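Visitor: I would like a close look at a single part of this model, the place where two helices pack against each other. Please take me through the pairing and then through what surrounds it.

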Amino acid sequence: MSKITRRKALKAGSAGLALTAAAGIAPKYFIHRASAAGLASGMVGGPTGFEGCERYQYDEGNAAHRAIEGVRKLKAEGKAPESITMACLDGAVGHFTKAHPAGAPTVTDLWERETGVKLNIVGVPLDDVYAKMIQDITTQAGAYDLYAGLVNFYGDFWDAGGLRALDDYVAKYDPDWDDPEVGVANEQVFNLLYKYDDKVVGLSFDGDFYTWFHRKDLFADPNHKKVFGDRYGYELKPPSTWDQADDVAEYFHSTGIDGHTEYMGKVWGLATWFKRYITMESPNMYLFDLEGNPLIDSEAGIEVAEKHIQYGKYSGDGASYTWSWFETFGSMAGGTSAMMDCPPNLAKFTDLPADESVSWLPTTIGGKLDVHMPIGRQFGNDLVRRSCLYGSACMGVSSQSDHPEVSYLFTQWASSTTLYPWLSANPAGYMDPFQATNFKDPLIREAYKPYVMDILPETIKRAAPTLRLAGTQAMHQALDENLQKAFAGIITPKEAVQDAAKEWRRIIRKRGETKMVDAIVADRKAWPTIIDKMPT
C-alpha cells in the first residue's frame, strides 16, 4: 500500500482531487451539499452533531472517502446491491447501531446516508461464532457477505475456502491501516492483524493486546514492601519477569487476596500459558519449528506447563481454572486482586467512580489501578518482554458473497483511521483501540484512561500472535483440555503438553505438512523481535 498520511490527504483534498461522480444515488454536488451540514471546512463526509465531530470527518483524499466513492461508482454502474449482510459478534453490535456521543448518528445510519446501501447486521454470540461461520462456509449457505470472527480463526476460515483474498481491493482503494503516522505500529503488527499465509484475508476491528494492570496502592504500601523485601530479597514493584510475577503472586496470595486474576480457565486461559511460553527463548519461543514440528513438549515447554499450573494456585483459592472473564474482572473490580494481564478495557469497566459501576460488576476500583510494561524473561542484560494478541474481533469478506467489493469497502470505511476512533470509543461494545490515531483521541482516552493509552503502543509492539493456523480450533482444544486435566490433577503438566503435542502433530499431518509449513513460515512475519534491557 502507498503511504498516504493524513497530512498528505488533507493537502490533496484542498487541492481539489477529482473523483468519479456517483450518478444513481444523486449528482455528486448534491450529495456533498446535502451531507455538508455540520461538516468542517473542506470535509465531504463523516459524522456530525456533537462536539469534536470534525476529528472523524474526511476530505476527498482520505481512505474513508475513497471507500465511499468506490461504492457510489459501483452503484452508478449497477454493480452495487441494495443491502449487504454482516455477521458481528453480538457484544460489538452496539458499536454500529447505537449513537455516541449524544447528538451523533449511528455508524449504520451514516454509512447508509452516504452510500445508499443498507447494512444488515446479524449478532452472533462469541461462543457460537466459530461454529456458525464454519457451518455457513462448509454448507455454502451464503447467509453473510461479511463473516465475524477472531484473528485466531483466519487459518481455519481460509483453509475451508470461506475467505476472499483482499489484496486486489487493497491495491485499488489504498486503505490507511499501515500508514506509519496514523495506522498500526509496524509491518509485524499489520501482518498479525490482517494477513494469513502472506495474503490480506481479514480486517481488524479490535485491539485485544494483553496489557498488564496492577493495584498501585498495594505495591506502594510500606508494610507490603517491607515484608516482601525481607522474604524475597528484592524490592516489591510491578514485575518485569515471569519469575518476579510468580513471587509477587505468591506473596499477595499469602496475605489473603488473589495474587493475580489472570485468565486460567477454559479457552481464555491459553493466553496466559502462551505469554509465559513465548518468552522462553530470545527473541521468541515459537510454537513450531520451521519443519512444522510442535515445540510445546520440549524441556522449556514442560517447564512452562509446570509453572503455569502452579501460577493458577495463587488466584481464586486455587480454583481459578474454573473462572471466566466475569470472575477475573470481578476480582479486580472488587479490590481482591493484586494484578492482571488482559485486554486493555479493564480500566474502561472497573476504574470508575463508585456510583458509576457497570451493571455486570459489583463495584469499581476507581483510582487504584495503573499499568506496566509486558513482562518476560531475562537473558543476560537483555529482557524479552512479550504480550500477545488473543481473540480480537475481525471481519472477513465471504468467498460466497455476490458483492465482495462493496462488502470490502464497508470495512475499509468503518475501520479507517479516521472513523475507527469514533467507533471504538463507543461504550456500547468491547472493540478496543489499536491504531496510532486512537491513543491520542479524546473520546478513547476518556473511556480507556490516559495511563492505559500511554503504554498501549509499546505493549502492541511486543505482542505475538497466538495460534491462527489452519487447524487452530482443534489444536486449541487439545491443549486446553490437557491443561485443564493438569489443573484438576488427573495428569501431570508434562503429560499435558506431551499429549497436546501428539495431537498437534496429527492435525498437521491431516491438514497437509507442506501447506502447513508454508503457513508457519509466513506466520513468523507477525512475531515481534524487539528486545529490551533488563531494568536496574
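Guide: In this predicted model, helix α3 (residues 63–76) packs with α17 at an angle of about 155 degrees, their axes lying 8 Å apart. Because angles over 145 degrees count as roughly antiparallel, α3 is described as roughly antiparallel to α17, and the crossing of the two helices is left-handed. On the α3 side the contact is made by Ala63, Ala64, Arg66, Ala67, Ile68, Gly70, Val71 and Leu74, which meet Glu405, Val406, Leu409, Gln412 and Trp413 of α17.

Trp413 leads from this pairing into the interior, since it is listed with Phe96, Tyr408 and Phe410 as touching the most other members of the largest nonpolar core, a set of 137 residues. Helix α17, which spans residues 404–414, supplies the largest share of this core, with 6 residues. Tyr408, leaving aside residues up to four places away in sequence, touches Leu166, Tyr169, Val170, Tyr173, Pro175, Trp177, Leu203 and Val397. Apart from this core lies another, of 23 residues, among them Phe219, Leu236, Met264 and Ala486.

Two other helices can be read through their buried residues. In α6 (residues 129–139), Val129, Tyr130, Met133, Ile134, Asp136 and Ile137 are buried; seen down the helix axis, the buried residues of α6 fall within an arc of 160 degrees, so they line one face of the helix. That buried set packs against β1 (83–89), β2 (118–124), β3 (146–150), α7 (154–159) and α22 (472–487), while the face of α6 turned away from the buried side carries the exposed residues Ala131 and Thr138. Just after α6, Gln140 takes a positive phi of about 55 degrees.

In α15 (residues 325–333), the buried residues are Thr328, Phe329, Gly330, Ser331, Met332 and Ala333, and their cover includes β8 (339–342), α16 (346–350) and β9 (369–372). Just after α15, a positive phi of about 75 degrees is found at Gly335.

A loop residue may be set beside these buried positions: Gly380 lies between β10 (376–379) and β11 (382–385), and because its relative accessibility is 52%, Gly380 counts as exposed. Gly380 and Tyr420 are 40 residues apart in sequence, and the distance between them in space, C-alpha to C-alpha, is 41 Å.

Notes:
Residues numbered from 1 in each chain as written. Predicted model: local features only at pLDDT ≥ 70, side-chain atom pairs only at ≥ 80, totals over all residues. Heavy atoms only, no water. Helix = DSSP H or I, 4+ residues; strand = E, 2+ residues; numbered from the N terminus. Buried < 20%, exposed > 50% of the residue type's maximum accessible area, 1.4 Å probe, protein only. Core = buried A, V, L, I, M, F, W, Y, C linked by side-chain atoms within 4.5 Å. Contact = heavy atoms within 4.5 Å. Arc of directions from axis to C-beta. Axes fitted to C-alpha atoms, helices over the stretch in contact; angles between N-to-C directions. Parallel < 35°, antiparallel > 145°, perpendicular 65-115°, else oblique. Left-handed = near helix turned anticlockwise from the far one by under 90°.
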